[in-house]
Amino acid sequence: MKVLIADDEPLARERLRSLLAADARVELVGEAENGEQALQLAAARQPDVVLLDIAMPGVDGLEAARHLRDFAPRPAVVFCTAYDQHALSAFDAAAIDYLMKPVRPERLAAALERAATFIAGRSPSPVLEPARRRTHLCARLRGSLRLIPVEEIHYLQAEEKYVIVHHARGEDLIEESLKSLEEEFAERLVRIHRNCLVARGQLAELRRSGDGQVHAVLRDVAQPLEVSRRCVANLRGELRQGG
């Protein structure tokens with residue numbers, strides 16, 4: 001059983017490392033100090049189990065767990081935290097167990113038993129919808145991954161089974177549907193075409209070309225984007241509200 005530890009507290013990682021050393025089934029494959037490191041290591045080393053703290057800087061444990069749900073094979077997530085108020089959110093993120101710090105040996109052993117059942121394909125917990133919107137999207141890059149801050153997204157464009165994320169640092173492909181992204185980030189993104197969502201903060205103006213086609217001009221994108229006729233009225237309203 002390959003296990004990854006993710007916790008920003010060195011003493012907490014040391015305790016888990018010590019407890020895991022007593023279990024002959026366990027191979028410790030890495031330690032992470034935050035959620036982003038945890039996702040990078042999980043992509044590279046494919047752990048069976050991730051022991052995940054919740055309160056970490058940057059990408060926290062709850063968001064990391066929601067990204068881990070999309071990994072194949074999907075690791076079993078066990079939260080290890082000092083706070084009990086996150087329990088419901090933890091199970092919304094499809095964690096299989098929730099351990100309170102300081103983690104007791106018998107509770108960790110029980111969690112690893114549940115993980116073994118999960119790994120064998122008999123998941124004891126249902127996959128539920130996320131309790132809150134993500135702050136990052138996750139792009140796979142040949143065995144590693146890139147986390148894209150949602151606030152840096154300029155626009156999203158569907159292309160076959162992928163979505164191209166155009167953001168402040170370039171472009172990346174993600175395997176998510178445009179519709180699900182529109183629903184999750186409805187406050188931040190607006191549809192301009194059946195295959196395109198734009199960040200509301202990027203909308204600068206609508207411009208009509210000589211042939212009557214309307215295009216959206218974005219603040220940080222050189223090339224205007226085509227707007228479908230059915231979206232024009234809504235976008236004009238967006239621009240009026242924006243000032």
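The following exchange goes through a predicted model, taking its confidence, sheets, backbone and empty spaces in turn.

Colleague: What is the mean pLDDT of the chain?
Modeller: This is a predicted model, and 91% of the residues in the chain reach a pLDDT of 70 or more. Over residues 122–131, however, pLDDT stays under 50, and for that stretch the model has 21 contacts beyond four places in sequence. For the chain, the mean pLDDT is 90.

Colleague: Which strands are the edge strands of the sheet with the order β2-β1-β3-β4-β5?
Modeller: This is an open sheet of five strands with parallel pairing, and its neighbouring strands are turned by 20 degrees against each other on average, direction ignored. An edge strand here pairs on one side only, and that holds for β2, residues 27–32, and for β5, residues 97–100. The edge strands are therefore β2 and β5, each of which pairs on one side only, as two strands count as paired if there are at least two bridges between them.

Colleague: Which residue in β5 stands opposite T81?
Modeller: Strand β4, residues 76–81, runs parallel to β5, and four bridges join the two. Opposite T81, in β5, stands M100.

Colleague: What angle does the direction of helix α5 make with that of β5?
Modeller: Helix α5, which covers residues 105–119, packs on the sheet and touches β3 (49–52), β4 and β5. Between the direction of α5 and that of β5, the angle is about 165 degrees.

Colleague: Where does P102 lie, given that the peptide bond from K101 to P102 is cis?
Modeller: Most peptide bonds are trans. The bond from K101 to P102 is cis, with omega near -10 degrees, and a cis peptide bond also joins A72 and P73, with omega about 0 degrees. P73 lies in the loop between α3 and β4, whereas P102 lies in the loop between β5 and α5.

Colleague: What is the phi of Q46, a residue other than glycine?
Modeller: Most residues other than glycine have a negative phi. Q46, placed in the loop between α2 (35–45) and β3, has a positive value, with phi near 45 degrees.

Colleague: Why is one side of β10 and of β11 left without a neighbour in the sheet?
Modeller: Both strands belong to an open sheet of five strands with antiparallel pairing, in the order β10-β9-β8-β12-β11, where the twist averages 25 degrees from one strand to the next. One side of β10 and of β11 (189–193) has no neighbour because these strands stand at the edges, each with a single partner strand.

Colleague: Which residue is the bridge partner of I164 in β10?
Modeller: Strand β9, residues 162–167, runs antiparallel to β10, and five bridges join them. The partner of I164 in β10 is L173.

Colleague: Which elements give two or more residues to the lining of the largest cavity?
Modeller: The largest cavity has a volume of about 40 Å³, and its lining divides into eight nonpolar, no polar and two charged residues. Of the ten lining residues, the closest to its centre are R69, R74, P75, V77 and A94. The elements that give two or more residues are α3 (61–68) and β4.

Colleague: Which strands each supply at least two residues of the lining of the second largest pocket?
Modeller: This pocket has a volume of about 240 Å³, and its lining divides into five nonpolar, one polar and five charged residues. Among the residues that line it are H67, D70, C138, R140, L173 and I174. The strands that each supply at least two of the lining residues are β6 (136–141) and β10 (170–174).

Key
Residues are numbered from 1 along each chain as its sequence is written. This is a predicted model: local features need pLDDT of at least 70, side-chain atom pairs count only at pLDDT 80 or more; totals for chains, interfaces and linings use all residues. Side-chain values use heavy atoms; hydrogens and water are left out. Axes are lines fitted to C-alpha atoms, for helices over the stretch in contact, and angles run from 0 to 180 degrees between N-to-C directions. Contact means heavy atoms within 4.5 Å. pLDDT is the predictor's confidence in each residue, from 0 to 100. On a 1 Å grid over the protein atoms alone, a cavity is a set of points where a 1.4 Å probe fits but cannot get out, and a pocket is an open set with protein on both sides within 12 Å along at least five of seven lines; lining residues have an atom within 4 Å of a point. Grid points are joined across faces, edges and corners, and a volume is the space filled by probe spheres set on the points. Ala, Val, Leu, Ile, Met, Phe, Trp, Tyr, Cys and Pro count as nonpolar, Asp, Glu, Lys and Arg as charged, and the others, Gly among them, as polar.
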